[in-house]
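Please work through the following exercises with the sequence and the structure side by side. Try each task yourself before you read its solution.

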Amino acid sequence: MSATTPPETDAIGLPGPLVRADWVAGRLGKEGLVLFEVSVGARRGAGPRIPGARPFDLEGDLSDRTSALPHTMPGARELTEALRALGAHDTDTVVVYDAQGVYSSARAWWMLRAMGFDRAAVLDGGLPAWTAAGHPVDAGPAAYDGPRGTFTARPRPGLVVDADTVAAALADPRAAVLDARTRERYAGTAPEPRPGLRGGHMPGSVSLPFGELQRDGGEMRPADELRTAFEAAAGDREQLYLSCGSGVTACVLALGAALAGYRELAVYDGSWSEWGLPSERPVATGAADQGGSP
């Protein structure tokens with residue numbers, strides 16, 4: 001089935017990679033604005049939703065379901081088909097959000113960037129911030145049954161990387177590999193939520209839990225505070241490789257780094273779900289590798 005010609009619309013300009021609830025509310029329902037609710041786990045298929053939100057299912061068509069690893073980036077053809085089925089056009093402005101605050105939504109934002117689409121932003125604070133501001137919700141889950149879109153993925157090499165690339169980065173004094181998991185999982189003192197994984201971290205990586213980039217309400221910290229957090233972890237290194245449990249919250253670090261002014265960013269897609277498998281890849285425990293310049 002061919003894609004539908006996109007409607008003629010006035011472009012909706014984004015203020016940056018992060019937008020506030022009031023900004024979205026003032027444009028809700030406007031032609032050319034597409035809202036995606038990004039879901040994982042128990043949130044899949046659940047309500048309520050922001051009115052008109054469409055589903056961005058990280059455990060369905062918007063991950064590579066042929067991979068043994070969770071939340072793996074789909075290929076360009078598969079992502080193009082999935083987003084066309086959701087009615088997305090190349091000319092749209094996209095806002096992604098999730099029900100936790102800023103969690104899985106950052107993964108969708110980074111996926112779109114990696115596939116050559118820059119007209120996307122994350123709703124700061126997600127659905128909790130939206131409801132706290134008194135904006136309306138629909139009771140049902142995110143859904144879409146409209147016409148197909150014209151979105152076309154145009155992959156950008158280097159934004160999503162594999163284990164070998166990260167291994168090389170760990171040996172590169174110009175690069176920092178940052179781990180978004182909790183400090184306890186990084187140290188190996190807390191169990192991994194996925195069975196069969198070793199505890200600990202990549203030797204030479206640095207702990208920067210994604211929650212430390214956020215306020216208590218789930219909104220991102222100001223740019224200057226984010227910069228301070230990244231400099232405390234990475235020192236003066238500007239090339240950042242970002243990892244987590246399964247490639248989701250690493251993208252919260254990518255969002256925070258972008259807001260803090262970093263430009264040389266890459267997400268390790270397999271993250272600890274791959275590196276932590278029994279293998280010859282080295283694993284360290286304890287907290288000795290945290291912070292600073294090499």
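**Exercise 1.** In which loop is Asp98 found? Then decide whether Asp98 is buried or exposed, and describe what surrounds it.

*Solution.* Keep in mind throughout that this is a predicted model. As a starting step, locate the residue along the chain: Asp98 is in the loop that lies between strand 4 and helix 3. Next, consider its accessibility: the relative accessible area of Asp98 is 0%, and since buried means under 20%, Asp98 counts as buried. Then turn to the polar atoms of its side chain, one of which lies 2.7 Å from the backbone nitrogen of Tyr103, while the side chain of Ser105 is also in polar contact with the side chain of Asp98, at 2.7 Å. Finally, look at the wider surroundings, setting aside the neighbours within four places in sequence: Asp98 is in contact with Val38, Tyr103, Ser104, Ser105, Gly126, Leu127 and Pro128.

**Exercise 2.** Work out in what order the strands 1 to 5 are arranged in their sheet, and find which strands are at the edges.

*Solution.* Begin with the order, which is 1-5-4-2-3 in an open sheet of five strands with parallel pairing. The edge strands are strand 1 (18-19) and strand 3 (54-57), each of which pairs on one side only. Now follow one pairing in detail: strand 1 and strand 5 (residues 120-123) are joined in the parallel sense over two bridges, and Val19 has Leu123 of strand 5 as its bridge partner. The last step is to add the helix that packs on this sheet, namely helix 3 (residues 105-114), which touches strand 2 (33-39), strand 3, strand 4 (93-97) and strand 5, and whose direction makes about 175 degrees with that of strand 5.

As a general reminder for both sheets, strands of a sheet pair through backbone hydrogen bonds, either parallel or antiparallel.

**Exercise 3.** Repeat the analysis for the sheet that contains strands 6 to 10: what is the order of its strands, and which helices lie across them?

*Solution.* Here too, five strands form an open sheet with parallel pairing, and the order is 6-10-9-7-8. Strand 6 and strand 8 (206-207) stand at the edges, and because each has a single partner strand, one side of each is left without a neighbour in the sheet. Inside the order, strand 9 and strand 10 pair in the parallel sense over four bridges, with Tyr241 standing opposite Ala266 of strand 10. For the helices, note that helix 3 lies across strand 6 and strand 10, at about 115 degrees to strand 10, whereas helix 8 (residues 250-259) lies across strand 7, strand 9 and strand 10, at about 175 degrees to strand 10.

**Exercise 4.** Which residues of helix 5 are buried, and why are they on the same side of the helix?

*Solution.* In helix 5 (residues 163-170), the buried residues to note are Ala163, Val166 and Ala169. They lie on the same side of helix 5 because they cover an arc of only 115 degrees around the axis. To complete the picture, ask what covers the buried residues of helix 5: the covering elements include strand 6 (160-161), strand 7 (175-179), strand 9 (239-243), strand 10 (264-268) and helix 9 (271-275).

**Exercise 5.** How many disulfides does a search of the whole structure find, and why is there no bond between Cys251 and Cys244?

*Solution.* Recall that a disulfide is a covalent bond between the sulfur atoms of two cysteines. The search of the whole structure finds zero disulfides. For Cys251, the closest cysteine sulfur is that of Cys244, and because the distance is 6.8 Å, it is too far for a bond. As for accessibility, Cys244 is buried at 1% relative accessibility, and Cys251 is buried at 0%.

**Exercise 6.** Where is Ser273 placed, and what does its side chain reach?

*Solution.* Ser273 has its place in helix 9, and with a relative accessible area of 5% Ser273 is buried. The side chain of Ser273 reaches the backbone oxygen of Gly245 at 2.7 Å. Beyond its neighbours within four places in sequence, Ser273 has contacts that include Leu69, Pro70 and Arg194.

Technical notes: Residues numbered from 1 in each chain as written. Predicted model: local features only at pLDDT ≥ 70, side-chain atom pairs only at ≥ 80, totals over all residues. Heavy atoms only, no water. Buried < 20%, exposed > 50% of the residue type's maximum accessible area, 1.4 Å probe, protein only. Arc of directions from axis to C-beta. Contact = heavy atoms within 4.5 Å. Pairing = 2+ DSSP bridges. Axes fitted to C-alpha atoms, helices over the stretch in contact; angles between N-to-C directions. Polar contact = N/O pair within 3.5 Å; in protein donor to acceptor, adjacent residues only side chain to side chain. Disulfide = S-S within 2.5 Å.
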